[in-house]
Amino acid sequence: MSQSFASPSLYAHALFDRFVASQTCKEVQQNFAELCHHLQLDSQDYHHFYNKLKEKLNYWKAKELWQKIDKRASHPDYEQGKPCAKTKCLVLGAGPCGLRTAVELALLGAQVVVLEKRTSFSRNNVLHLWPYTIRDLRNLGAKKFYGRFCSGSLDHISIRQLQLILLKLVLLLGVEVHTGVNFKGLLEPQASGSTGWRALVHPESHPAASYQFDVFISAGGGRFVPDGFKIKELRGKLAIGITANFTNRRTAAETQVAEISGVARIYNQKFFQQLHTEMGIDLENIVYYKDDTHYFVMTAKKNSLLKKGVIKQDSSDAEQLLAQANVDQEALLQYAYDAAQFSTSHKLPDLEFALNHVGKPDVAMFDFTCMHRAEYASLVRERRGKKLLIGLVGDCLVEPFWPLGTGIARGFLAAFDTAWMVRNWGKGVTHLQVLAERESVYQLLSQTTPENTSKNYPAYSIDPSTRYPNVNLSSIKPKQVRRKRRSTETDSLRRMVDLLSWCQKHTAWCERVQVKDLSQSWRSGLALCALIQHFRPKLIDMSSLDENDAVHNNQLAFDILQREFGIEPIMSAGDMASSKEIDQLSVVLYLTQVHNVFTEAPLPKVPATDLGSSELCYFCHQQLYVLERGSAEGKFFHRSCFICQQCGTTLRQGGYTFYPDTGRFYCEEHSEPVEEKGEEGELQQADLSTGVQVWTISELIPLCINVPILFNMLH
Ligand SMILES: NC(=O)C1=CN([C@@H]2O[C@H](COP(=O)(O)OP(=O)(O)OC[C@H]3O[C@@H](n4cnc5c(N)ncnc54)[C@H](OP(=O)(O)O)[C@@H]3O)[C@@H](O)[C@H]2O)C=CC1
């Protein structure tokens, strides 16, 4: 105990205060460990941890937090932690969505382990919060952890602050969070039946490697989707986003500068014209929020970026256009700096770039026209009698179109829906029913807006019917799930068969080689060498190879493929030649890469649709850019056009009356004159989705069955 404290309990209070006020991920973890040590609490005793902590820390400040947590935990949906008392969950990713899901799983009584590859929370970018998320976080004590949380009319928070709030909360609830741990894949239960599902992690010796679980939640962000899930790609017209963060010193001058919650070109032509004339910067829109940083996000026009030398060479391919080598970083910094200065009337003195996680000025330019969405949200895998429920949340489920500000709100909705699914799982509902219900709810997610979700925020719980009015939990039937899964499995199998056919076709020229399967046929190394010779005759001479020298043949092929094409060997040449059984999955993974380099199979190109600008305003029928878009009753419009039909006052959300027969909106004081009813067409939203199917290694993995048998079945 520190000498300066009169009693152990005062010291505990100080430690708790320090934990609550921690401002980095590392500080949170260290202060938490110190608190547990001082109170002699085992943080891995997840069932009892929170209650024991409460017993030992009952001074006013802690009590205020316990009251909030207890209120949430006493919701009937959690049944006092019974539904998932035997459920063990692994959550991948300590982003806001992974952590928010972890809170719910812990409240349901599950053991929860979170893996995060980063060691610090460094994302300054600021997220827009829907009213329900603000209420949700407030009720979980967000303001206790972060005093500035949504003060006044603020409706946004930096990603890192949100992560810090949720990290503190999950730790108090007994969740284990391991940072600096990279999830590499799922490990199936062993044949002996001695282990369940586990994770392959880096570093391999990390204790999380031995954790066995029956629920896996992937919240690894937009780039991480586990094997077995199909992804759809949605593309819009080219839209170049720039985000920039500047240090916020919170001086009086900085405090006074007004935020810009979304100025779009159509509203303030003069501002954008001046910006263009005076600075040569041509923008569609700009947003400025204050939190830990001064955060600016803008959509820039390509031509102005070319003229200012930010983009070096024009290209019709967005990827090439924004490739690192084609961007002048200094010019980009200047562009973002000038836009920030101009839009705040040069009232932010001494603007200095905040630094990102690699210590560079936190400015990024990206193409946000392309987004991914998982075709379904859940899966069950079964091996050796052990079932694993897999769910997706956050950006890896639905990547948001950021100007809409939907990311975190939809992310949290999916976190609740996923928790509801795990609750059913824990309660022993059959797995097809669990999946069918989850998919029924998932169908709604991409259409949710603050208007069409329930306004009864206090009633929100993990039960989907509290949030989605008129949700039909059985719109998808268990048998449909089975059919869909089967077709996915058949797709995977077909691809394996295709791979086998491809290998057979391109080794057929060599009499000494007979490819019958995707395992034993590759032992001698000759088949691999024959494939190489077929596609790159100069790299190898088959006539010099001896079938009985398997180690040499394999080593030769592995070396060539690594040196020439960067394909890492799957095992040592010695193991390949001598192991009792060759692992089919490994061979499939390896040969898929060989197939891809030799065929250079291009990914299908997607026709561009016009996401950014094709809609028209419901009222004025003029072009409607997404950033300036308001919506009510399923209509989209310029916010300035949203006025009372009679008196012209601007309407606000929740403060209007809508007449579906005429499609007109009125303020609360006026109403539709009976005799004036007319007809008005409904604006239909274009279907922007374009399914793109890409053959990836992961699609070959779900089923590693006996390919020759399947080959016969399918042909
Ligand atoms: N720049 C921006 O403005 C961004 C905003 N967001 C917003 O944040 C919100 C929540 O996003 P969320 O879905 O939680 O995702 P996040 O991207 O916030 O979090 C996912 C976390 O998982 C980590 N991760 C990924 N793969 C692995 C792995 N194999 N092993 C261990 N850790 C891994 C990621 O690290 P790493 O990031 O290093 O891959 C990241 O820290 C959304 O609203 C989204 O729109 C999200 C990302 C960027």
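How many bridges join E16 to strand E17, and in which orientation do the two strands run? The legends below take up this question first and then turn to other close-up views of the model, which is a predicted one.

**View 1. The pairing of strands E16 and E17 within an open sheet of 6 strands.** Strand E16 is joined to strand E17, which covers residues 386–392, by 6 bridges, and the two strands run antiparallel. Within this pair, Val-380 has Leu-389 of E17 as its bridge partner. The sheet to which both strands belong is open and follows the order E5-E2-E1-E8-E17-E16, with mixed pairing. Strand E5 (176–179) and strand E16 (378–383) each have a single partner strand and stand at the edges, so one side of each is left without a neighbour in the sheet. On average, and with direction ignored, neighbouring strands of this sheet are turned by 20° against each other.

**View 2. Strand E10 and its two antiparallel partners, E13 and E14.** Strand E10 spans residues 240–247 and is mostly covered, with 7 of its 8 residues buried. To strand E13 (residues 293–300) it is joined by 8 bridges, the two strands running antiparallel, and in this pairing Gly-241 has Thr-299 of E13 as its bridge partner. To strand E14 (residues 363–367) strand E10 is joined by 5 bridges, again with the strands antiparallel, and here the bridge partner of Ile-240 is Asp-367 of E14. In a regular strand the side chains alternate between the two faces of the sheet.

**View 3. The surroundings of the ligand.** There are 24 residues around the ligand, and those that come nearest are Glu-116, Arg-118, Arg-123, Phe-183 and Asp-395. For Arg-123, a polar side-chain atom lies 2.6 Å from an oxygen atom of the ligand. Lys-117 likewise places a polar side-chain atom 3.0 Å from an oxygen atom of the ligand. In the case of Asp-395, by contrast, it is a backbone N or O atom that lies 2.8 Å from an oxygen atom of the ligand.

**View 4. Cysteines that form no disulfide.** A search of the whole structure finds 0 disulfides. For Cys-396, the closest cysteine sulfur is that of Cys-97, and the separation of 8.8 Å is too far for a bond; a disulfide would require the two sulfur atoms to be within 2.5 Å. Cys-396 has a relative accessibility of 2% and therefore counts as buried. Cys-529 is also in no disulfide, the nearest cysteine sulfur being that of Cys-510 at 9.4 Å. Cys-529 is buried as well, its relative accessible area being 0%.

**View 5. Backbone geometry in three loops.** A cis peptide bond, with omega of about 0°, joins His-202 and Pro-203, and Pro-203 has its place in the loop between strand E7 (198–202) and strand E8 (215–218). In the loop between helix H4 (60–73) and strand E1 (88–92) lies Glu-79, whose phi is positive, at about 45°, although the residue is not a glycine. Glu-79 has a relative accessible area of 31% and is partly exposed. Cys-150, a residue other than glycine, also has a positive phi, near 40°. Its place is in the loop between helix H7 (142–145) and strand E4 (156–158), and with a relative accessible area of 3% Cys-150 is buried.

**View 6. Helix H20 and its buried residues.** Helix H20 comprises 16 residues, 584–599, and reaches 22 Å from its first C-alpha to its last, which is close to the 22 Å expected at 1.5 Å a residue. The buried residues of this helix include Gln-584 and Ser-586, the pair Val-587 and Val-588, and also Tyr-590, Leu-591 and Thr-592. Further along helix H20, Val-594, His-595 and Phe-598 are buried too.

**View 7. Val-422 in helix H14.** Val-422 is found in helix H14, which covers residues 407–426, and at 0% relative accessibility it counts as buried. The C-alpha atoms of Val-422 and Ala-142 are separated by 25 Å, the two residues being 280 residues apart along the chain.

Technical notes. Residues numbered from 1 in each chain as written. Predicted model: local features only at pLDDT ≥ 70, side-chain atom pairs only at ≥ 80, totals over all residues. Heavy atoms only, no water. Pairing = 2+ DSSP bridges. Helix = DSSP H or I, 4+ residues; strand = E, 2+ residues; numbered from the N terminus. Axes fitted to C-alpha atoms, helices over the stretch in contact; angles between N-to-C directions. Expected span 1.5 Å × (residues − 1). Buried < 20%, exposed > 50% of the residue type's maximum accessible area, 1.4 Å probe, protein only. Near = heavy atom within 4 Å. Polar contact = N/O pair within 3.5 Å; in protein donor to acceptor, adjacent residues only side chain to side chain.
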